[in-house]
Amino acid sequence: MAVNLPELPYAKDALAPYISANTLEFHYGKHHKTYVDNLNKLIAGTDLEGKTLEEIIANSAKDPSKAGIFNNAAQIWNHSFYWKCLKPQGGGAPTGAIAAKIDAAFGSYDKFTEELKNAGVTQFGSGWAWLDGQKALLTIDVWEHAYYLDYQNRRPDYLTAVIQNLINWDFVNSNLG
Ligand code: MN
């Protein structure tokens, strides 16, 4: 049983104009899919074939000889999580339990957005900006492929647009449970 590319939780044009259908065609349809295809090739015929994605990540995380497997598996997990962190008509200040947690941890929503943006802007090269402790709560992909077609080199503009318009706080709240 192979690892599957999960369905996007919305149509490819649903996040426009902040993230275009063109970006999702490439980011989901090419990048995310390629990680899945690569992983399935790497684990074919090994004892990891048939394992869940989480099991594959846990098994390969501390084994340098499985770095290729870990990198592809982690990218699959991160992207699937990232898609769920976004939704049309999202963003803005959160409601629910996460709102109080953010106030407690960061002082205010404005301070939180400042720190999240700063984490995303200062990530050198490709990477991810996370709000988490031991459990993943929210992420924003800041690899160039996440924003370059829409924002070229303006990563701060992409981060601002996502934070103001696309964050799925219902999903983030559900991760607190
Ligand atoms: Mn990506």
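Is His-145 buried or exposed? I began with this residue and found a relative accessibility of 15%, so His-145 counts as buried, the cut-off being under 20%. I note at the outset that the model is predicted.

**Entry 1: the manganese site**

I looked up which protein atoms serve as donors of the manganese ion. They are NE2 of His-27, NE2 of His-79, OD of Asp-141 and NE2 of His-145, and they lie 1.9 to 2.1 Å from the ion. Along the chain I read their spacing as H-x51-H-x61-D-x3-H. Among these donors, the pair His-79 and His-145 links distant parts of the chain, with their positions 66 residues apart in the numbering. I placed His-79 in helix H3, residues 67–84. I placed His-145 in the loop that runs between strand E2 (136–141) and helix H6 (148–151). For His-79 I noted a relative accessible area of 0%, so this residue is buried.

**Entry 2: helices H4 and H5**

I next examined how helix H4 (residues 97–106) meets helix H5 (residues 109–122). Their axes come within 8 Å and cross at roughly 75°. H4 is therefore roughly perpendicular to H5, since angles of 65 to 115 degrees fall in that class. I then listed the residues that make the contact. H4 contributes Ile-102, Asp-103 and Phe-106, while H5 contributes Tyr-109, Lys-111, Phe-112 and Glu-115. Sorted by character, the residues of this contact comprise 4 nonpolar and 3 charged, with no polar ones.

**Entry 3: salt bridges**

How many salt bridges does the structure hold? I recorded 6, and I looked up several of them in turn.

In the first that I inspected, the side chains of Lys-33 and Asp-37 meet at 2.8 Å, N to O. Both residues belong to helix H1 (residues 21–43), and because they are 4 residues apart, about one helical turn separates them. Lys-33 is partly exposed, with a relative accessible area of 37%, and Asp-37 is likewise classed as partly exposed, at 31%.

I then turned to Lys-87 and Asp-170, whose side chains form a salt bridge of 3.6 Å, N to O. This pair links distant parts of the chain, for the two residues are 83 residues apart. Lys-87 sits in the loop between H3 and H4, and Asp-170 in helix H8, residues 169–174. I noted that Lys-87 counts as partly exposed at 26% relative accessibility.

A further salt bridge joins the side chains of Asp-157 and Arg-154, at 3.0 Å, N to O. Asp-157 counts as partly exposed at 37% relative accessibility, and I found the value of 37% for Arg-154 too, which is also partly exposed.

I closed this entry with a network: salt bridges with shared partners join Lys-111, Glu-114 and Glu-115. Of these, I had already met Lys-111 and Glu-115 on the H5 side of the contact with H4.

**Entry 4: Asn-175**

Where is Asn-175 placed, and which residues does it touch? I located Asn-175 in the segment after H8. Its relative accessible area is 8%, so Asn-175 is buried. Leaving out residues up to four places away in sequence, I found that Asn-175 touches Phe-81, Lys-135, Ala-136 and Leu-137. Of these, Phe-81 falls within the residue range of H3 (67–84), and Ala-136 and Leu-137 within that of E2 (136–141).

Methods. Residues are numbered from 1 along each chain as its sequence is written. This is a predicted model: local features need pLDDT of at least 70, side-chain atom pairs count only at pLDDT 80 or more; totals for chains, interfaces and linings use all residues. Side-chain values use heavy atoms; hydrogens and water are left out. Donors are N, O and S atoms within 2.8 Å of the metal (3.2 Å for Na, K and Ca); water is not among the atoms, so sites may look incomplete. Buried means under 20% relative accessible area, exposed over 50%, partly exposed in between (1.4 Å probe, protein chains only). Axes are lines fitted to C-alpha atoms, for helices over the stretch in contact, and angles run from 0 to 180 degrees between N-to-C directions. Angles under 35 degrees count as roughly parallel, over 145 as roughly antiparallel, 65 to 115 as roughly perpendicular and the rest as oblique. Contact means heavy atoms within 4.5 Å. Ala, Val, Leu, Ile, Met, Phe, Trp, Tyr, Cys and Pro count as nonpolar, Asp, Glu, Lys and Arg as charged, and the others, Gly among them, as polar. A salt bridge is a side-chain nitrogen of Lys or Arg within 4 Å of a carboxyl oxygen of Asp or Glu.
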